[in-house]
Amino acid sequence: MQSLSRLTYPAYSLDIPDKLIKKINQDNFNFIWKNKYHYINKSDTVKPAKEGGLNAIDFDPMNGTIKLKWLQNFIIKGDNFWFDFPFKIFKMFGGIHFLLRCDFNISKLPIKLSAFHQQVLQYWKLIYKHNFTPHTVPIWNNRSILIKRKSFFYGEWMEKGVWSIVHLLDNYGNFLTYDVFTKKYNLMCSERQFKTVIQAIPQALITLVKGMLTYSVVIPREPTLTIDAYHFLDKNKLNNTFFRNVLTSICFPSPFKRKHIFEKFTSSCLVKIRTSYLSFPISPKVKEVHFKVMNEIYPCNNFLHQRFNMDVNVCTFCNSDIETAEHLFFSCSVTQTFWDAFQYWIMYDTQNIPNLTYEYIKFGLQMENRKTEFGVNNLILMAKYFIHKCRFLKTSPVFNAFRNDIILHKQSLKCCKTKKALNLHEYLCKLIP
Ligand SMILES: [Zn+2]
């Protein structure tokens with residue numbers, strides 16, 4: 001994933017065109033699947049591990065996170081020397097702080113923004129839900145209040161407190177006359193300018209506000225900049241992870257596709273199944289095989305036969321039955337001999353380990369004794385990897401060869417100083433004195 005970190009710096013100061021984002025994603029996701037077939041849909045792989053995904057990074061939400069972080073800093077440190085140039089540009093729209101509250105359309109703004117600033121505002125539009133209420137929506141920078149097909153902002157009017165349609169109406173919902181308006185707000189503007197603004201407001205919007213005014217007194221309040229109930233400038237809550245999660249769920253709204261596999265588990269149990277193995281002190285390759293078996297995407301012969309119409313679907317070990325993952329990893333007579341020896345071996349330490357079924361082998365065991373559960377599940381994962389390796393080498397999974405692998409692993413664990421490595425080492429010491 002070094003490629004993504006290299007793109008971080010350019011993304012802080014440049015816009016990344018959609019075409020390039022697409023290409024970056026294509027390269028990264030091909031890398032994840034080793035330039036082969038993508039077994040899992042992208043919308044599932046970008047989900048967090050606890051939801052069944054791989055926590056893979058899509059560059060679009062990542063670029064958005066960087067842009068929104070820039071925006072957050074720009075608002076907070078707007079007077080800083082580094083923001084001098086954008087500060088002056090956005091001042092023409094009433095300042096960035098005000099523009100974000102407006103129902104603007106980038107292409108309708110009277111000044112053409114740089115591609116970088118446009119992209120920043122696009123991501124803002126994506127995460128900010130503009131709660132439309134006719135009296136709180138500013139007339140300035142409004143995508144539907146246009147003069148010569150462009151939105152507008154009058155600084156002098158804003159300074160005198162004029163920004164909502166309500167400010168232009170009397171208590172009955174009729175437009176103030178020019179004289180009343182200029183007197184009420186102590187404002188110097190031409191009658192022509194006043195009339196142009198009034199004419200620019202769509203009739204539908206006026207009717208809506210009028211309707212509201214007939215029922216009650218309306219006091220317009222500027223909309224707040226909140227995202228999911230947090231203020232946009234709350235840097236502790238709205239950090240990079242928050243932005244990435246929000247943007248990812250917007251870009252990939254579909255629910256987890258392979259739900260049926262995990263139907264029988266409660267949600268808390270499911271989180272444990274999906275995440276606990278990630279911190280096991282074992283090789284990433286072992287975890288990869290486990291992930292594939294658990295998610296029913298292990299490329300056994302029958303799987304390849306069904307998906308890609310491969311000729312062979314017979315078992316590599318026994319050469320007679322169809323090689324499904326269940327057969328290969330559990331019910332094949334050759335594998336069964338291996339598991340019999342395995343079960344006998346682990347029972348040496350604890351008697352109350354249930355008889356291993358394919359479900360236990362596929363997802364791992366849930367036991368009351370956490371230490372034993374941890375040890376047994378580590379061994380089950382390594383046993384699955386051992387079977388996978390034997391299939392690849394076209395040899396039978398012989399238990400003694402597996403035991404030798406574990407002895408080697410035990411020795412390497414001794415050199416690790418992490419708590420989990422030492423726990424596994426301690427467990428293995430009981431099985432291999
Ligand atoms: Zn077989």
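How far apart do the C-alpha centres of domain 2 and domain 3 lie? Keep that question in mind as you turn the model around; the points below start with its answer.

1. **Domains.** Please remember that this is a predicted model. The domain assignment splits the chain into domain 1 (2-127), domain 2 (155-222) and domain 3 (262-431). Between the C-alpha centres of domain 2 and domain 3 there are 72 Å.

2. **Overall shape.** The C-alpha trace spans about 100 × 50 × 45 Å along its principal axes. The chain has a radius of gyration of 31 Å, whereas a compact globule of 433 residues would have one near 22 Å. As for secondary structure, you can look for 21 helices and two strands.

3. **Burial and contacts.** Of the 433 residues, 27% count as buried. Among contacts with a separation of 6 or more, 65% join residues 24 or more positions apart in the chain.

4. **The largest nonpolar core.** Here is a good place to zoom in. This core has 37 residues, and Phe93, Leu99, Val120, Trp124, Ile139, Trp140 and Ile165 are those with the most contacts inside it. At least two of its residues come from each of helix H1 (2-13), helix H4 (59-76), helix H6 (96-99), helix H7 (115-127) and helix H12 (240-251). H4 gives the largest share, five residues. Both domain 1 (2-127) and domain 2 (155-222) supply at least three residues each to this core.

5. **Around Phe93.** Which residues is Phe93 in contact with, leaving aside its neighbours within four places in sequence? They are Phe98, Leu99, Leu109, Asn141 and Phe153. We will meet Asn141 again below.

6. **A second core.** Separate from the core just described, there is another of 32 residues, which includes Val286, Cys332, Ile361 and Phe402.

7. **Two positive phi values.** Most residues other than glycine have a negative phi. Lys34, which is not a glycine, has a positive phi of about 50°. Asn141, also a residue other than glycine, has a positive phi near 50°. Lys34 belongs to the loop between helix H2 (18-32) and helix H3 (42-45), while Asn141 sits in the loop between H7 and helix H8 (155-159).

8. **Buried or exposed?** Let us take these two residues in turn. Lys34 has 7 other C-beta atoms within 10 Å, so Lys34 is exposed. Asn141 has 24 other C-beta atoms within 10 Å, so Asn141 is buried. The cut-offs behind this are 12 or fewer for exposed and 20 or more for buried.

Methods: Residues are numbered from 1 along each chain as its sequence is written. This is a predicted model: local features need pLDDT of at least 70, side-chain atom pairs count only at pLDDT 80 or more; totals for chains, interfaces and linings use all residues. Domain bounds come from an automatic or database domain assignment. Helices (H or I, at least four residues) and strands (E, at least two) are DSSP runs, numbered from the N terminus. The radius of gyration is taken over C-alpha atoms; the globule rule is 2.2 Å times the number of residues to the power 0.38. Two residues are in contact if their C-beta atoms, placed from the backbone, lie within 7 Å. A nonpolar core is a set of buried Ala, Val, Leu, Ile, Met, Phe, Trp, Tyr and Cys residues joined through C-beta atoms within 7 Å.
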